[in-house]
Amino acid sequence: MQEKQIVTANNGVEIVLRPAVSEDAREIIDTVSSVSPERSYVLMEKYGKDEETERKYITDMDRQHNLLLVAVAEGVIVGSLAALQENEGQDPKTTHILNVGLHLTKAYRGLGIGSKMLQYAIDWARERGFRKLEANIFTVNSRSLKLFSNAGFVEEGTRRKQYRIGREFIDEVIVAKFLD
Ligand SMILES: CC(C)(COP(=O)(O)OP(=O)(O)OC[C@H]1O[C@@H](n2cnc3c(N)ncnc32)[C@H](O)[C@@H]1OP(=O)(O)O)[C@@H](O)C(=O)NCCC(=O)NCCS
C-alpha cells in the first residue's frame, strides 16, 4: 500500500492520509484536545503530552508495529488515528493485536473520512501481519459503533459502568476485527 493516500471526502474535499511526522506534534495535540470536552464520547479527557514530548514520541515510535496516521484537509490536520500494538509490544502473547482509536475535528465528521482512516489502518495492519484489531468504544457513541461495525468489527463484550463521568456511569464496548 502507498504510505501517502489521497481520498475524497463526501463533500468533495481532498484529504491526504499519511503517517505523522514530528512537525505534526502541535496540530495533533490541538485536534485531539478539540474532542476532549465531549466527555461522553472519548476516553481522553486531556491530551497528556506537551508539544515537545509528542514530537519525541513521534520521532522515536516503532513504526513497524505502531501507526500514527493523520488526515490533512487543505494543509491542516483535521483528524488523527493511533493504532498501537497491545501492551506496547512487550508481551509476546499479545503482539498480534493492535488497538485503534481515532478523532476528527467537528467540521470534518460525517463525511466518510473516519471510514477511510480506519480502512487505511486495516490495510496497514494486514500488510504487517497483525491478526486482531480492537477498539474500546463508549456505548453512547453510536457513530463510532457504526463506523467500526461497517468496517467488519464485531462486539466482543461490554464492560458495564466502566467509566464515571460526573454523575453518569458509562458502559464500554470492546469491538474486534480478525485478520487472516
Ligand atoms: C467517530 C468518528 C471518528 C467517525 O468518523 P466520521 O468520519 O465522522 O464517520 P463517517 O462519516 O465515516 O461515518 C460513519 C458511519 O456512522 C454513521 N453515522 C453518522 N452519525 C451517526 C449517528 N449519530 N448515529 C449512528 N450512526 C451515525 C454514518 O452514516 C456512517 O455510516 P454509513 O457510511 O453506513 O452511512 C468521528 O465522528 C469523531 O471523531 N467523533 C468524535 C471522537 C470519537 O468519538 N472518536 C471515536 C472514539 S472510539
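**View 1. Asn-99 meets its bridge partner in strand 6.** The bridge partner of Asn-99 in strand 6 is Glu-134. Strand 5 and strand 6 run parallel and are joined by 3 bridges; strands count as paired if DSSP finds at least two bridges between them. Helices (H or I, at least four residues) and strands (E, at least two) are DSSP runs, numbered from the N terminus. Please keep in mind that this is a predicted model: local features need pLDDT of at least 70, side-chain atom pairs count only at pLDDT 80 or more, and totals for chains, interfaces and linings use all residues. Residue numbers start from 1 along each chain as its sequence is written.

**View 2. Helix 4 packs on the sheet.** Here helix 4 touches strand 6 and strand 8 (168-178), with contact meaning C-beta atoms, placed from the backbone, within 7 Å. The direction of helix 4 makes about 165 degrees with that of strand 6; axes are lines fitted to C-alpha atoms, for helices over the stretch in contact, and angles run from 0 to 180 degrees between N-to-C directions.

**View 3. An open sheet is formed by 8 strands.** The order is 1-2-3-4-5-6-8-7, with mixed pairing. Strand 1 (5-8) and strand 7 (154-165) stand at the edges, each with a single partner strand, so one side of each lacks a neighbour in the sheet.

**View 4. Around the ligand lie 23 residues.** Arg-109, Gly-114, Ser-115, Ser-142 and Lys-146 come nearest (near: C-beta atom, placed from the backbone, within 6 Å). Strand 5 (97-104), helix 3 (113-127), strand 6 (132-138) and helix 4 (142-150) each give two or more residues to this shell. Helix 4 gives the most, with 6 residues.

Key. Contact = placed C-beta atoms within 7 Å.
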